Amino acid sequence: MAVHAHPDDESSKGAATTARYVAEGVDVLVATCTGGERGDLLNPSYPPVEGGIEAMREIRRAEMASAARALGVRQRWLGFVDSGLPEGDPLPPLPEGCFAMTPLEEAAAPLVQLIREFRPHVVTTYDPSGGYPHPDHIMCHRVSVEAFETAGDPERYRGLGEPWQPLKLYFNHGFSMVRMRAMHEALVAADRESPFGEWIESRQAREIPERSVTTRIACADWFPARDDALRAHATQIDPDGFFFAIPRAIEAETWPFEDFELAVSHVPTTLPEDDLFAGIRPEGS
Ligand SMILES: [Zn+2]
């Protein structure tokens with residue numbers, strides 16, 4: 001089960017990994033916390049969206065369905081409203097009733113229920129920083145940890161299904177500094193323009209601590225599926241922008257993996273790993 005804050009996050013974080021596991025016969029479910037209805041239009045070639053957050057919610061539902069088809073995953077909405085990315089100095093308050101303002105127990109309840117229904121062995125989410133300072137990403141981390149810790153406890157979240165304890169919890173690290181640096185250097189070496197240098201500088205300026213990668217999934221064969229899923233989010237992803245800045249042949253040569261950090265494991269495993277299911281299913285199966 002891959003838990004994400006907004007529709008499009010499943011396509012930009014760990015997407016090729018989910019497509020690979022689907023191809024191997026794993027039942028993969030994406031759980032999306034919010035409808036992404038406060039997402040800005042980020043694709044300059046997309047026509048203006050009229051009709052406010054209701055219109056955006058409808059568009060993003062359709063985009064999500066098409067991205068899920070591209071990856072081969074199933075997807076469920078957890079039903080919360082996008083908090084939006086506050087901008088300005090001072091930052092404006094978050095909108096009332098949004099996901100990030102929801103009390104933790106209330107915010108985690110639908111995920112606990114979904115874990116008890118779907119019974120995943122592995123759950124992926126974001127690290128405590130959110131990986132990116134969007135309040136919904138930080139909240140996504142909090143609800144994922146809360147649900148992972150309590151879904152198996154019969155005393156907690158009563159009435160939301162039979163207890164189920166997932167075995168491993170991972171954080172996505174697709175945007176690790178070491179990967180972004182490698183991609184930047186590969187572009188420079190190929191005499192191409194790189195948007196990643198600027199990205200690295202702004203990340204350094206924010207002093208986001210680097211976390212350790214424990215698990216590296218080889219998934220270059222599924223980069224095309226990931227790209228189809230990204231393009232499905234047409235309001236959010238500029239087909240000429242950041243995500244498509246590196247030619248795929250260079251990317252596959254430079255970084256044919258997606259990276260994760262094993263945060264909790266209830267099974268014995270040896271680090272580093274090359275499989276999210278290491279210790280759960282027999283090797284090579
Ligand atoms: Zn997001």
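In this predicted model, His 6 touches Thr 32, Thr 34, Gly 36, Gly 39, Asp 82 and Asp 136, once residues up to four places away in sequence are set aside. His 6 is placed in the loop between strand 1 and helix 1, and it counts as buried because 26 C-beta neighbours fall inside 10 Å, where 20 or more are needed. The UniProt record, in an unreviewed entry, gives His 6 the feature "binding site", together with Asp 9 and His 137. These residues span 132 residues in sequence, yet no two of their C-alpha atoms are more than 9.5 Å apart, so they gather at one spot.

His 137 comes to that spot from another part of the chain, for its place is in helix 5, residues 135-150. With 24 other C-beta atoms within 10 Å, His 137 is buried. If its neighbours within four places in sequence are left aside, its contacts are Ala 5, Tyr 126, Gly 130, Gly 131 and Tyr 132.

The loop that holds His 6 also holds Asp 8, which lies between strand 1 (2-4) and helix 1 (9-12). The backbone deserves a look here, since most residues other than glycine have a negative phi, and most peptide bonds are trans. Asp 8 has a positive phi of about 110° although it is not a glycine, and with 27 C-beta neighbours inside 10 Å it counts as buried. Asp 191 likewise has a positive phi, near 65°, without being glycine, and its place is in the loop between helix 6 (177-189) and helix 7 (196-205). In contrast to the buried Asp 8, Asp 191 is exposed, having 6 other C-beta atoms within 10 Å. Helix 7, which follows that loop, has 10 residues of which 1 is buried, so this helix lies largely in the open. Just after helix 7, Glu 207 takes a positive phi of about 50°.

The peptide bonds offer further points to inspect. A cis peptide bond with omega of about 0° joins Asp 89 and Pro 90, and Pro 90 is found in the loop between strand 3 (74-80) and helix 4 (104-118). Another cis bond, with omega of about -5°, joins Leu 271 to Pro 272, and Pro 272 lies in the segment after strand 7 (257-265).

Turning to the strands, strand 2 (residues 29-34) and strand 3 run parallel and are joined by 5 bridges, with Leu 29 standing opposite Arg 74 of strand 3. Between them the chain crosses through helix 3 (residues 52-71), and this β-α-β crossover is right-handed. Strand 6 and strand 7, by comparison, pair in the antiparallel sense over 4 bridges, and there Ala 218 stands opposite Phe 257 in strand 7. In a regular strand the side chains alternate between the two faces of the sheet. Strand 6 (residues 215-218) shows such alternation: Thr 215 and Ile 217 point to one face and are buried, whereas Arg 216 and Ala 218 point to the other and are not.

What lies in the interior can be followed from helix 3, which ends at Leu 71. The largest nonpolar core has 55 residues, and of these Leu 71, Leu 111, Val 143, Ala 147 and Tyr 170 touch the most other members. Beyond its neighbours within four places in sequence, Leu 71 is in contact with Ala 15, Thr 18, Ala 19, Val 22, Ala 225 and Ala 229. A second, separate core has 5 residues, among them Met 183, Leu 187, Phe 196 and Trp 255.

Two of the contacts of Leu 71, namely Ala 225 and Ala 229, lead to helix 8 (residues 223-232), whose buried residues are Ala 225, Arg 226, Ala 229, Leu 230 and Ala 232. Why do these residues lie on the same side of helix 8? They cover an arc of only 155° around the axis, which puts them on the same side of the helix. An α-helix has 3.6 residues a turn, so residues three or four places apart point the same way. The buried residues of helix 8 pack against helix 1, helix 2 (15-23) and helix 3.

Note on methods:
Residues numbered from 1 in each chain as written. Predicted model: local features only at pLDDT ≥ 70, side-chain atom pairs only at ≥ 80, totals over all residues. Helix = DSSP H or I, 4+ residues; strand = E, 2+ residues; numbered from the N terminus. Buried ≥ 20, exposed ≤ 12 C-beta atoms within 10 Å, placed from the backbone. Pairing = 2+ DSSP bridges. Right-handed = clockwise from strand over helix to strand, strands pointing away. Core = buried A, V, L, I, M, F, W, Y, C linked by C-beta atoms within 7 Å. Contact = placed C-beta atoms within 7 Å. UniProt positions renumbered as here; feature names shortened; annotations may be inferred. Arc of directions from axis to C-beta.
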